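Visitor: I'd like a close look at a single part of this structure, the loop residue that you find most worth a stop, and then a walk outward from there. Could you take me through it step by step?

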Amino acid sequence: MIPQKNIIQIKDCYGCGVCAAICPHKLIQIKLDKNGFYQPIIRDPLKCTKCGFCVSVCSFLDGDIALEKSKKIEGFAAWSNNEAIRYKSSSGGVGFELGRFSLVQGYKACGVRYSVKKKRAEHFITDSEQEYQESMGSKYVQSYTFDAFSAFKKDEKYFVTGTPCQIDSLRRFIRLKKIEENFVLMDFFCHGVPSMLMWDKYVQLVEKKIEGKIFHVSWRNKQAGWHNSWVMNVNNGKYSSLFNRGDVFYNMFLSDSCLGKACYDSCKYKALTSSADIRIGDLWGKTYGHDEKGVSAVLALTHQGREMIKSLKEYVTFITEDIEVVTEGQMKNPPIRPLMYKIYMWMLRSPLIDLKTEVIVIKTINRYVALLAHPKQTIVKLIKKIQNI
Ligand SMILES: Cc1cc2nc3c(=O)[nH]c(=O)nc-3n(C[C@H](O)[C@H](O)[C@H](O)COP(=O)(O)OP(=O)(O)OC[C@H]3O[C@@H](n4cnc5c(N)ncnc54)[C@H](O)[C@@H]3O)c2cc1C
Ligand code: SF4
Ligand code: SF4
């Protein structure tokens, strides 16, 4: 195979944006593709000097990950000792506490906030604790990284959070730039990112309902407890919609109907595979099944990660747990791309089909697929039904 000189031939990649951040001539733009996922485009290929930097940092092109698999992974159940932070965060608030602590240690923190103006999630860099609060809580859409990732400076220290694929490319970026020791990287157990076409339709639907513009969104809310925290909350309670009462965003997202192609076909980051120093997540599973305040799953993957976690013990309760407990309830393999994926994407592109209709279609298809997958049980059930008539 001829080695690739630049990323022009890449299709359906992770959309991490790191190639655009490293290109010395700023030739690469990150744009949404027709299905609503970020993809790189070389604006003026004739100006490309074939330096190969964009290819070197691309985690999608490499079958492996940047960080050698750690021989010593430590696992914890953890939560912030500050009740307000724990309540506001998606799980135990450890993500925010780590960022806050790194600010005190002289790092800049780089996390994700939601921009209501641009209707997108985006990475940002800050040295202010108040501003960093915008990163609290998961935004279950793909984040735009370019502005933040192109602003890293050689002499500063950074604590960065992102999806595992973003972090794997970023690890390559900081190595290539020889600034790896200035960074602490954190990722999370990652389910996948849904199409921005779906998010746009959801925004339209909500804005129609509230007869106004969205100025604040929160994806999770622990009012009814942590296990029931799949709640879309808009404009501080003006609109609230629960997954278990049929919220269409969560129906689309959690049924794995409209994730990025790479999330199904090329994700190599499930369970323990990571290029980060620290991995966090929700500690679902039996051991903490009774907890309704939220428990973070934490993996310390490198020496740097372990040191940072040790220093945080004043602010966070850490309980050492077996890796099996920490990863319980997490996906071990990527989801399977639905047979009708192309049709689902076509429906998302069509302005004539609203999200509610699409959810009904998907549920119906899934029901029939399940019936066809188990023909014997289906026939037995049918016979029983007929006998009962
Ligand atoms: C798309 C997505 C899928 C996820 N899938 C899973 C999963 O399958 N299993 C699981 O246990 N946890 C998953 N998580 C993580 C989980 O939702 C919580 O963020 C995690 O438990 C940490 O919670 P916390 O309370 O410690 O921190 P929080 O305060 O909730 O911190 C969240 C951190 O995540 C960062 N972040 C938020 N949104 C994004 C985004 N869109 N892209 C990149 N970084 C972001 C923020 O900058 C912040 O540092 C997912 C998160 C996202 C964004
Ligand atoms: S090969 Fe170099 S100049 Fe060309 S797009 Fe990639 S990073 Fe930019
Ligand atoms: S599921 Fe995998 S490919 Fe998709 S955003 Fe998460 S880490 Fe990246």
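Guide: Happily! Let's stop at Glu-211, which is exposed, because it has 6 other C-beta atoms within 10 Å, and 12 or fewer is the cut-off for that class. Please keep in mind that this is a predicted model.

Where does Glu-211 lie? Its place is the loop between α8 and β9 (217-220). Its backbone deserves a glance too: Glu-211 is not a glycine, and still its phi is positive, at about 50 degrees. This residue follows α8, and that helix is the natural next stop.

Helix α8 covers residues 196-210, and because each of its 15 residues should add 1.5 Å, a span of 21 Å is expected; the end C-alpha atoms are indeed 21 Å apart, in agreement. While Glu-211 is exposed, α8 itself has buried residues, namely Met-196, Leu-197, Met-198, Trp-199, Lys-201, Tyr-202 and Val-206. What covers them? The cover includes the strands β1 (28-32), β10 (230-234) and β11 (239-242), along with the helices α9 (248-254), α13 (341-349) and α14 (355-373).

One of those covering helices, α9, leads to another loop worth comparing with ours. Asp-256 sits between α9 and α10. Like Glu-211, with its positive phi of about 50 degrees, Asp-256 is a non-glycine residue with a positive phi, here about 60 degrees. The surroundings are another matter: Asp-256 has 19 other C-beta atoms within 10 Å and is therefore partly exposed.

Following the chain into α10 (261-265) brings us to ligand 3, since α7 and α10 are the elements that give two or more residues to the shell around ligand 3. Around this ligand you will find Tyr-14, Thr-163, Pro-164, Cys-165, Cys-190, Gly-192, Val-193, Gly-260, Ala-262, Cys-263, Cys-267 and Tyr-269. By class, nine of the residues in this shell are nonpolar, three are polar and none is charged.

The other contributor, α7 (residues 164-176), carries us to the sheet: this helix lies across β7 (158-161) and β8 (183-188), and runs at about 160 degrees to β8. Both strands belong to an open, mixed sheet of nine strands, whose order is β6-β5-β4-β7-β8-β12-β13-β3-β14. At its edges are β6 (143-144) and β14 (316-320), each of which pairs on one side only.

Within that sheet, let's pause at β4 (108-115). Six of its eight residues are buried, so β4 is largely enclosed by the rest of the structure. How is β4 joined to its neighbours? On one side, seven bridges link it to β5 (residues 120-126), and the two strands run antiparallel. On the other, three bridges link β4 to β7, and this pair runs parallel. Cys-110 shows both links: it stands opposite Ile-125 in β5 and opposite Val-160 in β7. Val-112, for its part, has His-123 in β5 as its bridge partner. The two antiparallel strands form a hairpin with four residues between them, and in that turn Lys-119 has a positive phi of about 55 degrees.

β4 also takes us to ligand 1. Together with α4 (94-104) and β12 (278-282), it is one of the elements that each supply at least two residues of the shell around this ligand. Which of them gives the most? That is α4, with four residues. Of the 33 residues around ligand 1, those that come nearest are Ser-89, Gly-95, Gly-111, His-191 and Gly-281. The shell holds twelve nonpolar, 19 polar and two charged residues.

For ligand 2, there are 14 residues around it, and Asn-6, Cys-23, Cys-48, Cys-51 and Cys-54 come nearest. They divide into eight nonpolar, four polar and two charged.

To finish, here is one more exposed loop residue to set beside Glu-211. Lys-313 lies in the loop between α11 (303-311) and β14. It counts as exposed because it has 11 C-beta neighbours inside 10 Å. From Lys-313 to Lys-108 there are 205 residues in sequence and 21 Å in space, C-alpha to C-alpha. And that brings us back to our starting point, Glu-211, exposed in its own loop with 6 other C-beta atoms within 10 Å.

Key. Residues numbered from 1 in each chain as written. Chains lettered and ligands numbered in written order. Predicted model: local features only at pLDDT ≥ 70, side-chain atom pairs only at ≥ 80, totals over all residues. Near = placed C-beta within 6 Å. Nonpolar A, V, L, I, M, F, W, Y, C, P; charged D, E, K, R; others polar. Pairing = 2+ DSSP bridges. Contact = placed C-beta atoms within 7 Å. Axes fitted to C-alpha atoms, helices over the stretch in contact; angles between N-to-C directions. Expected span 1.5 Å × (residues − 1). Buried ≥ 20, exposed ≤ 12 C-beta atoms within 10 Å, placed from the backbone.
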